[in-house]
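Thanks for making time, everyone. I'd like to walk you through the empty spaces in one protein model and the ligand that goes with it. Let me put it on the screen.

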Amino acid sequence: MKERGIAVWEKYVRKVTPYVPGEQPENNNILKLNTNENPYPPSSYVKKAMEEISDEQLRLYPDPRAGLLVKAIANHYGLKEEQIFPGVGSDDVLAMCFLTFFQSEKPIFFPDITYSFYEVWANLYRIPYEKKPLGEKFQIYPKDYFGENGGIIFPNPNAPTGIFLPLKEVEEIVEKNKDVIVIIDEAYIDFGGQTALPLVEKYDNLLVVHTFSKSRAMAGARIGFAMGDPKLIHYLNDVKFSFNSYTLGISSLIAGAKAMEDNGYFFKTTEKIKNTREWTKRELKKLGFSFPDSMGNFVFASHEKYRAEDIFIHLKENNIYVRHFQQPKVDNYLRITIGTKDQMEKLMDCLDQFIR
Ligand code: PMP
């Protein structure tokens with residue numbers, strides 16, 4: 001049956017405006033600085049362990065609690081296994097958190113300029129929300145988050161600005177919101193700033209979410225995890241086991257556990273990225289760009305004379321991909337992922353050609 005040319009069943013379809021991920025081009029000649037991936041390979045421990053996966057391990061379902069990975073994460077951070085909830089990237093973990101903890105009729109709060117998936121999940125799960133405008137310099141005002149709400153989430157450092165909110169102010173937000181769950185999305189924390197992780201022992205309403213996609217160079221393995229009070233983790237597991245019990249595959253479990261053991265490599269590569277980021281900031285400044293002081297593996301830059309979109313097109317024509325958001329307040333900015341020093345030099349040459 002049709003009503004006004006539209007099939008009746010369409011009335012009952014869940015309609016959503018999906019999140020738009022950055023482009024993943026197939027062409028290998030592209031300098032990819034658009035999705036905040038790590039330019040270095042993962043730890044050599046990872047590949048070696050993956051080569052040793054047995055037929056038996058592939059034949060069977062993986063451990064639905066991802067014990068191997070959870071144990072490695074717990075050891076690394078000095079937590080109990082009951083304080084960790086793993087998932088298929090932090091996107092999966094965050095989606096489960098929205099579904100589990102944001103059940104109030106009051107709106108959840110998050111910044112107006114932030115990881116755009118928050119709004120998508122809120123719409124998908126029909127969670128009321130209120131976006132809190134950032135300040136003129138893209139700063140988060142903790143006071144904005146003190147009013148009545150159904151939960152709070154923000155990234156620290158924030159994305160795509162890279163601005164880090166000092167731990168004291170993060171704690172103030174958690175302290176003032178003890179009746180709801182506060183989620184700190186620390187996808188980029190390993191590149192600077194100070195983690196809120198020690199606060200999980202003090203506040204049973206706090207969840208800190210990390211990912212293997214950035215600092216551990218494993219976006220392809222899809223591993224993320226939340227850390228918090230065992231009661232929160234228990235509730236998350238109940239929802240997860242009502243949704244999909246076998247989330248992480250065996251190769252991701254093994255790869256993730258191995259990566260966690262290689263601290264030396266982790267520190268070496270994150271330090272390199274931090275140094276290249278600071279070099280990139282100095283070079284961008286010389287070319288007339290300005291940007292907030294990013295603590296992430298990216299810089300959010302705007303040019304005094306040239307439109308971000310025009311620079312974006314010029315870079316793309318030269319096979320350099322960065323991210324441009326067609327969104328009010330930020331449409332004159334480019335989010336540029338920090339690559340290797342060589343890659344950033346290439347970017348500077350290309351920007352120089354355009355600006356000169
Ligand atoms: N949070 C933030 C702030 C991000 O930028 C991203 C990456 N797009 C994620 C979470 C999700 O990362 P992943 O699912 O790869 O762990």
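I'll start with the ligand, then go on to the pockets, and finish with the cavities.

One thing up front: this is a predicted model, so please keep that in mind as we go.

Okay, the ligand. Which residues come nearest to it? There are 13 residues around the ligand, and the nearest are S90, D185, Y188, T211 and S213. If you sort that shell by class, you get five nonpolar, four polar and four charged residues. Helix α4, residues 89-101, gives the most to the shell, with three residues.

Now zoom in on the oxygen atoms of the ligand. S90 has a polar side-chain atom 2.6 Å from a ligand oxygen. S213 also brings in its side chain, with an N or O atom 2.6 Å from an oxygen of the ligand. With D91 it's the backbone that you want to look at: an N or O atom there lies 3.0 Å from a ligand oxygen. And how much of the ligand does the protein bury? On its own the ligand exposes 400 Å², and 91% of that is buried by the protein.

So where does the ligand sit? The space it takes is the largest pocket. That pocket has a volume of about 960 Å³. Its lining is made up of 41 residues, and those closest to the centre are Y19, V20, P21, Y115 and R323. As for elements, α4, α5 (117-124) and α10 (308-317) each give two or more residues to the lining. We've met α4 already in the ligand shell, and here it again has the largest share, four residues of the lining. By class, the lining of this pocket has 17 nonpolar, 15 polar and nine charged residues.

On to the second largest pocket, which comes in at about 350 Å³. Here 20 residues do the lining, with E37, N38, P39, Y40 and A217 closest to the centre. The class split for this pocket is twelve nonpolar, six polar and two charged.

That's it for pockets; now the cavities. How many cavities of 30 Å³ or more turn up in a search of the whole structure? The answer is two.

The largest cavity holds about 80 Å³ of space. It has 13 lining residues, and S43, S215, R216, Y265 and F266 lie nearest its centre. Helix α9, which runs over residues 263-286, supplies the largest share of that lining, three residues. Sorted by class, the lining of the largest cavity has seven nonpolar, four polar and two charged residues.

Then there's the second largest cavity, with a volume of about 40 Å³. If you want to find it on the screen, look for F85, D92, M96, K240, F243, N244 and T247, which line it. Three of those lining residues are nonpolar, two are polar and two are charged.

To pull it together: the ligand takes up the largest pocket, with the protein burying 91% of its exposed area. Helix α4 gives the most residues to the ligand shell and has the largest share of the pocket lining as well. Beyond that there's a second pocket of about 350 Å³, plus the two cavities. That's what I have, so over to you for questions.

Note on methods. Residues numbered from 1 in each chain as written. Predicted model: local features only at pLDDT ≥ 70, side-chain atom pairs only at ≥ 80, totals over all residues. Heavy atoms only, no water. Near = heavy atom within 4 Å. Polar contact = N/O pair within 3.5 Å; in protein donor to acceptor, adjacent residues only side chain to side chain. Areas by Shrake-Rupley, 256 points an atom, 1.4 Å probe, with all protein chains shown as cover. 1 Å grid on protein atoms, 1.4 Å probe; cavity = no way out; pocket = protein on both sides within 12 Å on 5 of 7 lines; lining within 4 Å. Sits in = over half its atoms within 2 Å of the grid points. Nonpolar A, V, L, I, M, F, W, Y, C, P; charged D, E, K, R; others polar. Points joined across faces, edges and corners; volume = space filled by probe spheres on them.
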